[in-house]
Amino acid sequence: MRNRTREVWFVVFPGSELLDLSGPWSVLGYANEVLGLPAYAAKIVAPAKGTVPTRHGVVLGGACSIDDAARDGMPNTVVIAGATPANGRSAGEMRVAQWLRANSRRISRIVSICTGAFVLGEAGLLDRRLATTHWVYRDELRNRFPRARVESDDLFLRDGRIWTSAGITAGLDLMLAIIEEDHGHQAALTVAKSLVLYLRRPYQQAMFFDESIVPERSPVGRVHALTALIQGHLAKPLPIAKLAKLAGMSSRTLARVCEREFGQTPSSVVRQMRLEQARRMLEHTSLPLKTIAVRTGVGDEATLWRLFRRQLGIAPVEYRRRFKPSATV
């Protein structure tokens with residue numbers, strides 16, 4: 001079973017993210033080299049035959065139309081590349097969604113990279129399934145396809161034969177997991193080493209947001225005043241009664257504002273802002289963890305560790321090692 005060739009279609013559209021194609025494609029190419037056999041036969045497929053302009057101007061040539069490709073039989077795996085913006089599917093994407101709706105049962109594994117999840121959603125393939133996408137578009141995916149069980153933190157998810165990944169480079173993580181499933185741990189590990197990648201990255205996509213606590217729909221006024229107020233008092237205890245008094249609101253009004261604007265309780269907003277400040281200090285200073293914990297109001301070093309582990313899936317020392325520029329002092 002492991003020695004057979006699996007045909008993989010990479011489905012692209014005008015405006016597709018090139019890395020959604022080239023990254024996972026290269027992972028499979030390296031797998032063929034590591035295994036010393038044609039384990040994967042990749043093909044570029046598009047709604048229509050011909051050239052496909054990608055998001056940043058690179059033009060792909062020689063794409064096969066999905067109908068022509070299907071005449072030669074169904075692939076083992078279909079990989080749907082993401083395209084932006086997510087809020088408005090193109091005619092080509094809808095054509096592929098329609099094709100998937102009619103033919104998905106004949107395909108062993110269906111994969112989306114980044115916003116490719118929206119195509120799977122349009123095809124009805126995310127109904128009652130766990131799924132993820134790039135954090136920028138996560139809420140939209142959840143709103144557009146309420147029957148999907150959209151998760152926030154995972155770099156990729158598998159629910160049966162449906163695989164979804166978060167933003168762009170998470171497609172590499174997903175593809176390594178596929179190689180591990182198809183050809184075993186050692187093969188996937190060797191491919192990861194060849195590409196200078198982790199086989200399993202020790203963090204989640206949550207750590208890549210920054211300032212996500214400020215809702216985009218409220219760029220001025222009360223919300224920014226509140227976040228600025230919290231930022232200025234992070235090092236001090238901020239129970240809801242004290243924060244409400246500083247903000248000139250009742251505790252009940254503060255709770256309503258935080259729920260409406262952030263979808264969180266006041267204490268959760270404060271905790272998230274403390275986490276963001278701790279991340280910045282780890283990235284841009286060499287301060288000890290104990291000092292960072294005190295200056296951000298987290299408390300002590302042990303609490304800082306628990307916060308990072310719970311929210312980001314990684315210890316603060318590992319976060320600093322990964323994200324702090326070597327020249328930062």
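Begin with the whole chain in view: buried residues make up 49% of its 329 residues, and the model you are looking at is a predicted one. With the secondary structure displayed, you will find 14 helices and 10 strands. If you draw a contact map and keep the contacts with a separation of 6 or more, 65% of them join residues that are 24 or more positions apart.

**The sheet**

Select next the open sheet of 8 strands, which runs in the order β3-β4-β2-β1-β5-β6-β10-β9 and has mixed pairing. The edges are taken by β3 (50–53) and β9, each of which has a single partner strand, so one side of each is left without a neighbour in the sheet. As you look from strand to strand, neighbouring strands are turned by 30 degrees against each other on average, direction ignored.

Strands of a sheet pair through backbone hydrogen bonds, either parallel or antiparallel, and β10 is a good place to see both senses. On one hand, strand β6 (residues 109–112) and β10 pair in the parallel sense over 3 bridges, with Ile162 in β10 as the bridge partner of Ile110. On the other hand, β9 (residues 156–159) and β10 (residues 162–165) pair in the antiparallel sense over 4 bridges, and here Trp163 in β10 is the bridge partner of Arg158.

Zoom in on the hairpin that β9 and β10 form, where 2 residues stand between the strands and Gly160 takes a positive phi near 65 degrees.

Now show the side chains of these two strands. In a regular strand the side chains alternate between the two faces of the sheet. Along β9, Leu157 and Asp159 point to one face and are buried, whereas Phe156 and Arg158 point to the other face and are not. In β10, by contrast, both faces are covered: Ile162 and Thr164 on one side, and Trp163 and Ser165 on the other, are all buried.

**The nonpolar cores**

Move on to helix α1, which lies across β1, β2 and β4 and runs at about 160 degrees to β2. These elements also lead into the largest nonpolar core, a set of 31 residues in which Val12, Tyr40 and Ile179 touch the most other members. The elements that give two or more residues to this core are β1 (6–11), α1 (18–35), β2 (40–46), β4 (59–65), α6 (170–183) and α7 (185–194), and the largest share, 7 residues, comes from α6.

Which residues should you colour around Val12? Leaving aside its neighbours within four places in sequence, Val12 is in contact with Leu21, Ile44, Val45, Ala46, Pro47, Val52, Leu60 and Ala81. Apart from the core of 31 residues lies another, of 29 residues, among them Val11, Ile66, Ile80 and Ile107.

While α7 is in view, select Ala192, whose place is in that helix. Is Ala192 buried or exposed? The cut-off for a buried residue is a relative accessible area under 20%, and because its relative accessibility is 1%, Ala192 counts as buried. A distance label from Ala192 to Leu176, C-alpha to C-alpha, should read 7.2 Å, although the two are 16 residues apart in sequence.

**Two loop residues with positive phi**

Most residues other than glycine have a negative phi, and most peptide bonds are trans. Two residues to inspect against that background are Cys114 and Arg128. Cys114 lies in the loop between β6 and α4 (117–122), and its phi is near 55 degrees, a positive value in a residue other than glycine. At 6% relative accessibility, Cys114 counts as buried.

Arg128, placed in the loop between α4 and β7 (130–131), likewise has a positive phi, of about 65 degrees, although it is not a glycine. With a relative accessible area of 56%, Arg128 is exposed.

**A pair of helices**

Finish with helix α13 (residues 301–312) and helix α14 (residues 316–323), which pack at an angle of about 65 degrees with their axes 9 Å apart. The two helices are therefore roughly perpendicular to each other, a class that covers angles of 65 to 115 degrees. To see where they meet, select Leu304, Trp305, Phe308 and Leu312 in α13 together with Pro316, Val317 and Tyr319 in α14. Coloured by residue class, this contact divides into 7 nonpolar residues, no polar and no charged.

Methods:
Residues are numbered from 1 along each chain as its sequence is written. This is a predicted model: local features need pLDDT of at least 70, side-chain atom pairs count only at pLDDT 80 or more; totals for chains, interfaces and linings use all residues. Side-chain values use heavy atoms; hydrogens and water are left out. Axes are lines fitted to C-alpha atoms, for helices over the stretch in contact, and angles run from 0 to 180 degrees between N-to-C directions. Angles under 35 degrees count as roughly parallel, over 145 as roughly antiparallel, 65 to 115 as roughly perpendicular and the rest as oblique. Contact means heavy atoms within 4.5 Å. Ala, Val, Leu, Ile, Met, Phe, Trp, Tyr, Cys and Pro count as nonpolar, Asp, Glu, Lys and Arg as charged, and the others, Gly among them, as polar. A nonpolar core is a set of buried Ala, Val, Leu, Ile, Met, Phe, Trp, Tyr and Cys residues joined through side-chain atoms within 4.5 Å. Buried means under 20% relative accessible area, exposed over 50%, partly exposed in between (1.4 Å probe, protein chains only). Two strands pair if DSSP finds at least two bridges between them.
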